[in-house]
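The following paragraphs give an account of how a ligand is held in a protein model. Please keep the sequence and the structure in view while reading.

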Amino acid sequence: MIDFVRQSVLPYFGIRTSDAKVSPLGNGHINDTFLVRWSNGELVLQGINTQVFKTPKALVENAHKIAEHLATKRQKSEYSLEIVAPVRTDKGLLAVDLGEQGFWRAINYLPHSHSIDVVSSEDEAFSAAKAFGHFSSALSDLDATQLEDVIPQFHHLPGRIDQLKAAVTCDQENRLASCSDWVDFVFSQQDILQELAQISPILPLRICHNDTKINNMLYDKRDMSSLAIIDLDTCMKGHLMYDFGDMVRTFTSPEEEDSTSLENVHVRESIFAAICRGYLSELDTVLTQDEKSSLWLGARVICLMIGVRFLTDHLNGDVYFNIHHESHNLQRAANQFTLYKSLLEQEGQLKNYLK
Ligand code: GN1
Ligand code: MG
């Protein structure tokens with residue numbers, strides 16, 4: 001893959017030098033991401049997974065609109081983070097479509113950037129949550145209908161549960177027997193769908209990031225302050241409770257998403273509190289009262305739903321998320337359901353931080 005990138009993709013971006021160094025970057029589950037360094041520059045190059053993103057052109061156009069909007073705000077000192085902006089091809093395009101050989105786009109690389117997979121302090125959680133809040137606040141005056149839905153019904157729990165039901169019915173890899181306890185667990189949680197059906201219609205549609213994992217907020221490695229929000233792939237209209245939820249999902253556990261040390265997987269109350277402080281410090285005056293009331297639901301839905309998606313993919317034979325071994329998706333699902341249970345167990349204390 002790396003040789004292909006060097007020889008067949010880089011020339012489209014005007015990089016013809018044979019000294020370009022190409023190395024894999026990040027931990028994404030969907031796209032192929034590389035850091036490209038050459039004698040007088042560096043950039044991030046991505047092969048977009050077109051099985052997942054069926055309209056990749058819309059994806060790069062969405063990201064471009066967001067970057068432009070944020071850049072305008074930055075000029076007026078209304079946005080303080082760095083911006084990941086598209087690097088155009090030498091013909092001035094936002095991406096290059098090589099058909100079966102992939103859909104490739106580049107974005108600028110931010111020097112001094114540093115990402116983490118596990119939060120180790122309240123300060124880290126606070127500044128990342130504040131950064132995601134700042135990002136959403138800066139986008140709150142961009143018309144949400146300007147962005148195309150790159151993955152329709154992306155955060156749609158009823159649809160995700162239906163997909164799990166279909167996978168269970170098919171059981172095409174004969175894996176159901178080894179995970180039926182988790183399947184039963186999901187089906188026992190369906191009361192949450194009623195709560196969701198009541199709240200969702202009264203929430204405004206806003207531009208959401210939709211993948212607010214801790215490693216999508218880059219720190220400045222010189223002082224660990226927040227530097228930039230990255231991975232704008234799934235930015236589209238939706239409900240901000242899910243952005244809050246994905247922070248809770250990926251910041252609060254002391255273990256990584258695919259850790260198998262389930263005995264350590266739990267929601268750290270002090271980190272949850274720091275997320276609430278950081279996020280609301282930027283959004284308190286933007287969010288409606290209904291949105292504020294929805295945040296706790298968003299946290300529960302996201303933890304359950306990502307678990308459902310991993311479990312479904314395990315039953316379907318790992319066709320969606322990149323995996324490193326056969327039970328990888330099942331392990332991820334078990335991890336996420338364990339975190340979800342920890343949320344429910346601490347409901348009494350945790351909800352206080354949202355008051
Ligand atoms: C995927 O590839 P990555 O890491 O950006 C997924 C998210 C999941 C996440 C779980 C388009 O994101 O929805 O929350 O894995 N992205 C897509 O880690 O499905
Ligand atoms: Mg992503």
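In this predicted model, ligand 1 takes up the space of the largest pocket. The shell around ligand 1 draws on both parts of the chain, with at least three residues from domain 1 (1-109) and at least three from domain 2 (115-353). Among the secondary-structure elements, helix α9 (residues 289-315) supplies the largest share of this shell, namely three residues.

In total, 17 residues surround ligand 1, and those that come nearest are His29, Lys213, Glu257, Arg309 and Tyr320. By residue class, the shell around ligand 1 consists of eight nonpolar, six charged and three polar residues.

Several polar contacts can be followed at the level of single atoms. An N or O atom in the side chain of Arg309 is 2.7 Å from an oxygen atom of ligand 1, and Arg309 is also listed with the residues that come nearest to the ligand. For Asp211, a polar side-chain atom lies 2.9 Å from a ligand oxygen atom. In the case of Arg249, the separation between an N or O atom of the side chain and an oxygen atom of ligand 1 is 3.4 Å. As for overall burial, ligand 1 has 440 Å² of accessible area on its own, of which the protein covers 95%.

Methods. Residues numbered from 1 in each chain as written. Chains lettered and ligands numbered in written order. Predicted model: local features only at pLDDT ≥ 70, side-chain atom pairs only at ≥ 80, totals over all residues. Heavy atoms only, no water. Near = heavy atom within 4 Å. Polar contact = N/O pair within 3.5 Å; in protein donor to acceptor, adjacent residues only side chain to side chain. Areas by Shrake-Rupley, 256 points an atom, 1.4 Å probe, with all protein chains shown as cover. 1 Å grid on protein atoms, 1.4 Å probe; cavity = no way out; pocket = protein on both sides within 12 Å on 5 of 7 lines; lining within 4 Å. Sits in = over half its atoms within 2 Å of the grid points. Helix = DSSP H or I, 4+ residues; strand = E, 2+ residues; numbered from the N terminus. Nonpolar A, V, L, I, M, F, W, Y, C, P; charged D, E, K, R; others polar. Domains from an automatic or database assignment.
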